[in-house]
Structures are given as structure tokens and as C-alpha cells.
Amino acid sequence: MKVFRKSGIILAAALMLLMSAACGGGGSAGGNGSGNGGGDAQQPGVSQSGQDPAVNKENASDRKITLGFSQVGAESGWRTANTKSIQDAAKESGIELKFSDAQQKQENQIKAIRNFIQQKVDVIAFSPVVESGWDTVLKEAKDAGIPVILTDRAVDSKDTSLYETFIGSDFVEEGRSAGKWLVEQYKDTEEEINIVELQGTTGSAPAIDRQKGFAEEIAFNPKLKVIASQTGDFTRAKGKEVMQAFLKAHKKIDVLYAHNDDMGLGAIQAIEAAGLKPGEDIIIITVDGVKDGFVAASEGKINFIVECNPLLGPQLMDAVRDVVDGKDVAKRIVTVEGVFTSEDAKRELPNRQY
Ligand code: AHR
């Protein structure tokens, strides 16, 4: 009797399991009878069972995902556009976003990440203020089993298993684009060309890399000389202040290379206040390509803009879902970007979204 009762219980449990699988009760693999084979190769928008793919996508991510995101701050037009892109994309993809603004301070980001770990979010993403000093907190996230995604800026951790992927621009290449353009402009120069550089936040990946790429390229022409280089912290106010100091300290400034539009725009105010014509008396190169930068370029005040695309939200949300679903995600996702002369900017300005 005992044996019969036991096998009856086992049979009932097996039946319940079978029924819940047939109803799609939470199984992640093979819910439509297709297993894993060819899941990625299916036609866009058409699921293998012919049902609505949104309904049929039996992944872990079909449940509510919570994403903790630590943003650098609100230092520039680029950052504002980036924040909006992330907030909009989260809403659109039904991901609950816990957003934290670090106000350009690493300690605030570390606190925010620890908070997200305590709250047991599904994924943590952040745009690191500076490159170094993340190993400890990233290990804490790893030990808690919470995957981390880097967006916009990289970290210099040797252990790349501490994060899933890094989505963002190639900042060295941006610096190179700026340098290449300048080398071409002055290819026949006989005189020395004095360049001043407004760097981004000290220790941040874009400041380090944009300086590096630019220096690499201008080294091809010994007439091109960086005579002063200082941080403007990626802000308009600091860009203006540092440019004022540059103008006081140096009689002959031919070129300004600003690591972002905002610092370039602040510097333009200082240049105009000094009675000089930006874009003519001083050639100006900036990085980003936000609307205000495009306006200045179309007025001839900025001569060349290297684009840095802030609209990373949709790519981030896709990566979040893929990570939660246990899919393979490329370790590096590079953003595609362009370059713009004043003429290009005039044409492009009406289409600029941010
Ligand atoms: O990390 C991207 C940089 O950060 C942008 O170029 C700058 O505007 C922002 O503050």
C-alpha cells in the first residue's frame, strides 16, 4: 500500500509538471518545442511557432527586470541627451530603471552601486566618472551574482570578467579624427601653430583617450604644438574660465582643441570677450555634436566637430535583456559616429535631435 501511495504522489507531481510546461509556465528552453536551435536565425518579427514573438519569447526577461543605473552627472548637453535616451529606452522596453546621479564624484557612484547590490537589482549599469578604482565594488557585484554593464566610459580593471560588456564610443579614434583634420588644414604651414587644449574630467576615459589620439596624429607635423593643456571638467563654465586664463598667458593662440562642445562653447564666450573672432582668429575643434555645438559650427564659430553619440539607451536595454536571458553579449559594442565641418553642420542642424 505504502509503495502505491508513494508512486501515486510521484505520478501526480509529474502530471502537474507536464501541465505547467504545456501552459508555458515559466520554462525558459523549448517552450515552443523548438529548443535552442536557430533561435537567433529566425526572421525579424516572426517567431518559429508563428505566434506574436513578444508573447512567445519565453525568456527569463519576460518577467520584470530592474536595472540600477549610475550616471556621471549633468555636466554637459551630451550627458543630458544620454540620460534622456536611457530613461526613454527603459520605459519603452518595460525595464524598471533605478536612476542615480553621481554629480561627477566617484564616491557617489560607488555608494550607488552598493545600494543597487543591497536592493538586489537584476543588472547594474554605469558610466564611470574616472577609469581607475573600481575593482573592489565590481567584485562585490560579482559575488552577489549581479551582472554589470559599462556604458559610455570604460574602466581600467585588468579582470574583464567583472563586467559583461562595454557599450560606447572609441575615444582614442575621436582624438585621432580631430588630429587628422588639423594636420590636413596645416599641411603646408611654414610657421609654428600654437594649440591650446581643454581637457575633459581628469582621469576620465574620454579625457585620457581624446588627448592620446590627438597627440598621436599631430606628431606627424612638428609645426603643430600643444602649448597649454588643462582640464575644463567638461563644463561650459570651466571651459570659459580656463580659456580666459589661456588668453591671458599666451599672446599667440592659433587653435583650440576642446574635448567637448560645452567647454568649446564656454571658450567661445571668452574669445569673443577678448575681442577675437572664434573660428577665424582661433580655429576651434570640439567633440560631441550636440545641438548647441551644431549651431555654433553652422555660424562658423566652431570649425570641426567630431561626433560622440549619446543615444545609447536602446543598445543598453537590448544588452540588459540579453544578459538576463543568459545570451552571449559582445564584450565591446562600439558606437558608430561621424565628423562635421561647418558646412556639414549647416546642412545637418535641422535634423539634430539633441
Ligand atoms: O563620456 C562622454 C563625454 O562626457 C562627453 O563627450 C562629454 O560631453 C561628457 O560629459
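I began with helices α4 and α5, which are roughly parallel to each other, since angles under 35 degrees count as roughly parallel and I read a crossing of roughly 10° for this pair. I note here that the model is predicted. Helix α4 covers residues 106–118 and helix α5 covers residues 135–143, and their axes come within 10 Å. When I listed the residues in contact, I found I110, I113, R114 and I117 on α4, facing V137, E140 and A141 on α5. Sorting these by class gave me five nonpolar residues, two charged ones and no polar ones.

Next I turned to helix α8, residues 236–249, and helix α9, residues 261–273, whose axes come within 7 Å and cross at roughly 45°. I therefore entered α8 and α9 as oblique to each other, and I added that their crossing is right-handed. From α8 the contact takes R236, A237, K238, G239, K240, M243, Q244 and L247, while α9 supplies D262, M263, G264, L265, G266, A267, Q269, A270 and I271. In this contact I recorded eight nonpolar, five polar and four charged residues.

I then followed α9 to another partner, helix α10, which covers residues 291–298, and I found the two packed at an angle of about 45° with their axes 9 Å apart. That angle makes α9 oblique to α10, and the handedness I wrote down for this crossing is left-handed. The residues I could name in the contact are D261, G264, L265 and I268 from α9, together with D292, G293 and A296 from α10. They divide into three nonpolar, two polar and two charged residues. Looking back over my lists, I saw that G264 and L265 of α9 appear in the contact with α8 and again in the contact with α10.

Last, I looked up the surroundings of the ligand, where I asked which of the 13 residues around the ligand come nearest. My entry reads S76, W78, P206, F234 and N260. The elements that give two or more residues to this shell are α3, residues 77–92, and β9, residues 283–288. By class, I noted six charged residues in the shell, along with five nonpolar and two polar ones. I also checked which domains take part, and the shell draws at least three residues from each of domain 1, which spans 63–169 and 311–334, and domain 2, which spans 171–308.

Notes: Residues numbered from 1 in each chain as written. Predicted model: local features only at pLDDT ≥ 70, side-chain atom pairs only at ≥ 80, totals over all residues. Axes fitted to C-alpha atoms, helices over the stretch in contact; angles between N-to-C directions. Helix = DSSP H or I, 4+ residues; strand = E, 2+ residues; numbered from the N terminus. Parallel < 35°, antiparallel > 145°, perpendicular 65-115°, else oblique. Left-handed = near helix turned anticlockwise from the far one by under 90°. Contact = placed C-beta atoms within 7 Å. Nonpolar A, V, L, I, M, F, W, Y, C, P; charged D, E, K, R; others polar. Near = placed C-beta within 6 Å. Domains from an automatic or database assignment.
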